[in-house]
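Subject: Structure handover

Hello,

Here is the structure we talked about. Please have a look, then read my notes below.

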There are 2 protein chains.
Amino acid sequence: MKMPTKGFSHKKPTIKDIAKLVGVSHVAVSKALKDAPDISSALKEKVNRVASEIGYMPNASASYLSSKNTAHNIGMIVPSLGADTAYDEAFKAISEAAAFKNHSILLGVSDRNRDLERQYCRIMCENRVGALIISPISSEIEDIKQICAQTVPLIFIGGKVDSKEQHCVHLNYSKSAALAVDYLYALGHRDIFLFLYHPMNKTIMQKKEGYEKAMRARNLTPTVYLEGESADTYTAGCVLTESLIKSGNLPTAIWCASDLMAIGVMDTLKLNHFKIPEDISVMGHDNLPFSKFSAYQLTTFDVPKKALGEAAVNMALTIMENGDDEERIHVSLEALLIKRGSTGKAPVKIRDKGNEI
Amino acid sequence: MKMPTKGFSHKKPTIKDIAKLVGVSHVAVSKALKDAPDISSALKEKVNRVASEIGYMPNASASYLSSKNTAHNIGMIVPSLGADTAYDEAFKAISEAAAFKNHSILLGVSDRNRDLERQYCRIMCENRVGALIISPISSEIEDIKQICAQTVPLIFIGGKVDSKEQHCVHLNYSKSAALAVDYLYALGHRDIFLFLYHPMNKTIMQKKEGYEKAMRARNLTPTVYLEGESADTYTAGCVLTESLIKSGNLPTAIWCASDLMAIGVMDTLKLNHFKIPEDISVMGHDNLPFSKFSAYQLTTFDVPKKALGEAAVNMALTIMENGDDEERIHVSLEALLIKRGSTGKAPVKIRDKGNEI
DNA sequence: TTGTATGCGTTATCAA
DNA sequence: TTGATAACGCATACAA
């Protein structure tokens, strides 16, 4: 029989211990601790005093098990947390709102690994989180739905899922595409390329289709390049740009599917003595923290990360309080164009030979 | 009586349901599910088949309540997750190792708010995490210790706590200071400033003292500037640099306590037509993702974030498996100098009037 | 205003 | 190899 010196995983005081010390039943203590209306304030005071004296700490597992209606945690699964995404901000919004109601967040980073994502789903289910906020790594969500069915309500966030059959906070990326082409066209650009990366999920497809549609609507030829993986779009931007420079096939404007990719493009252009935006305009997407640095001044789209988190956590809390009824909640958010110094008027020589009507 | 259509927070299958269907006691099912040696493989197979058929999902709360020795989660509290820190990487290392053992991470972001930090400590305790990995916002950890005492073992990470009485993975920042001065001195710099920000916690103090000691050891005069807050060190870097430019009091090299601050410094210098590193060298600390961008090429210190997370999670898992014995575990990590283009030889005119012996 | 009895889902102990 | 029973800490319905 092991007896840890520090007393962990050993005997923590329970409401029964308090009950003994105060001289009442553990039921009275339970009620007193949660400030029930049918307990005398004298007893409440006594109970609370003794509780803090002996270092009583409620046991969330026991509480949950006993009263089945109140889950104590919220789950969240994201593909990444690092510089390439902005889920840290969404997490902060979620976590803060949850902490306010004494819930905590179980966070899993799937690292764009399907097996890990499923593993986290299972963990969340076993922990009976009140809701699982998930930005899936793919639009194929059948396996996720199957794992969590009947156990945990799902809230999908991000650009990959936009179904009326699921709760979701959806980011509309096709709108970004329309705005990007609009903006560059107004600056005189006719030769606009789009840089994408693998995998070709719904997020990327929306940008691609939105871009192609907007270009064709103006009688312009869409040109799409695809390179690299979502885990390292910076390098993809560098590689693409270098090959374009070599082939002498540069447009007057490049829109990149991610800020990091745009940074790679700008770095490569500058190394090759191109001026931004005088020679070429560059745009990104996501408004990541470094985009505003004066060395880049990247024109980009701000995705409302905080609003995303807030919408999601509100859904989660609603579900946890009122149950998950038939009706699916659906929130749609759009990115906002942030104009900075990386974009400017199209260079004159190019504009002259452009296909203006 | 509410009956949620989707069946959440309602009746999930339990081992008793499996027991009924298979025709054995729930105890046999419990054992079968965990592959106990004293159960026939025939029964195991049957049980597992039925379990997956009816969508059985273990209940971690019940499991924990029953067998007190195995906590199922690990807690983690950090001051921030965003671009100004690098805890996302540490988190990933921790989370991955934990998921491997079917543990999940309860994450709290204190946002450098003391009340929130305490709130999260309480939540972690109520959830009975097996260990709490915390990077406290201050070196004053008495309140944290008091809240968690007897309930949750603490593992301190980062530069703020370096006590033999606590488990900790400590980052030694004074070593960085020595290396920074060493390196700049070897490049010919004699006029080296240190830029710091509030609050003056242990992390900052280590850099300050290490720097001053190293400078004095070379008969150089230490010059320390203090500006802004940890939440926005970029602006602090800009402000400090502008005022130095105005007063014409620029050194040949500046070492900043954070990369973000160094970026602010570089941006401001470049806006004022200073060349880096020809006119002035700039160094940072932390090797954040943007430091390597070719527009900055920031010489900095890489703090071993992954190693930090790995050391911490190993401690946590050890404690969860073997209990928390008397002996405190102590790991010390040092940052590694990353030489890039933002530092170079001291400008000649300055070197001539420098105080060389 | 307080107490008794019962149950939540699982594991541990011991007996069969 | 399996099963009956008790226990984990707390909350609820109902009784006192």
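Start with the surface near DNA strand D. Helices α2 and α4 of chain A, along with α2 and α4 of chain B, each give at least two residues to this surface. The largest share comes from α2(B), with 4 residues. Bear in mind that this is a predicted model.

**DNA strand D**

In total, 26 residues surround strand D. The closest are I15(A), S30(A), Y56(A), S66(A) and K31(B). By class, the surface splits into 11 nonpolar, 11 polar and 4 charged residues.

What does the side chain of Y56(A) reach on strand D? One of its N or O atoms is 2.5 Å from a phosphate oxygen. Chain B supplies contacts to bases. A backbone N or O atom of L65(B) lies 3.2 Å from a base oxygen of strand D. For S66(B), a backbone N or O atom also lies 3.2 Å from a base oxygen of strand D. Of the strand D atoms within 4 Å of the protein, 64% are sugar or phosphate and the rest belong to bases.

**DNA strand C**

Strand C has 26 residues around it. S25(A), V27(A), S30(B), Y56(B) and S66(B) come nearest. The surface here has 11 nonpolar, 10 polar and 5 charged residues.

Two side chains of chain B meet phosphate. A polar side-chain atom of Y56(B) lies 2.5 Å from a phosphate oxygen of strand C. An N or O atom in the side chain of S30(B) is 2.6 Å from a phosphate oxygen of strand C. From chain A, a polar backbone atom of L65(A) is 3.2 Å from a base oxygen of strand C. The elements giving two or more residues to this surface are α2 (26-33) and α4 (60-66) of chain A, with α1 (15-22), α2 (26-33) and α4 (60-66) of chain B. Of the strand C atoms within 4 Å of the protein, 60% are sugar or phosphate and the rest belong to bases.

**Annotation**

An unreviewed UniProt entry annotates residues 13-67 of chain A as "domain: HTH lacI-type". Over that stretch the chain is 65% helix and 0% strand. Its end C-alpha atoms are 20 Å apart.

**A helix pair in chain A**

Look next at α8 (residues 173-186) and α9 (residues 202-217) of chain A. Their axes come within 7 Å and cross at roughly 35°. The crossing is right-handed. From α8(A), the contact uses Y173(A), S174(A), A177(A), A178(A) and V181(A). Their partners in α9(A) include T203(A), Q206(A), G210(A) and M215(A). The contact residues divide into 7 nonpolar, 4 polar and 1 charged.

Best wishes

Technical notes: Residues are numbered from 1 along each chain as its sequence is written. Chains are lettered from A and ligands numbered from 1 in the order in which they are written. This is a predicted model: local features need pLDDT of at least 70, side-chain atom pairs count only at pLDDT 80 or more; totals for chains, interfaces and linings use all residues. Side-chain values use heavy atoms; hydrogens and water are left out. A residue is near a molecule or strand if one of its heavy atoms lies within 4 Å of it. A polar contact is a pair of N or O atoms within 3.5 Å; within protein, one must be able to donate a hydrogen and the other to accept it, and residues adjacent in sequence count only if both atoms are side-chain atoms. Ala, Val, Leu, Ile, Met, Phe, Trp, Tyr, Cys and Pro count as nonpolar, Asp, Glu, Lys and Arg as charged, and the others, Gly among them, as polar. Axes are lines fitted to C-alpha atoms, for helices over the stretch in contact, and angles run from 0 to 180 degrees between N-to-C directions. A crossing is left-handed if the near helix is turned anticlockwise from the far one by less than a right angle, and right-handed if clockwise. Contact means heavy atoms within 4.5 Å. UniProt positions are given in the numbering used here, feature names are shortened, and annotations may be inferred rather than shown by experiment.
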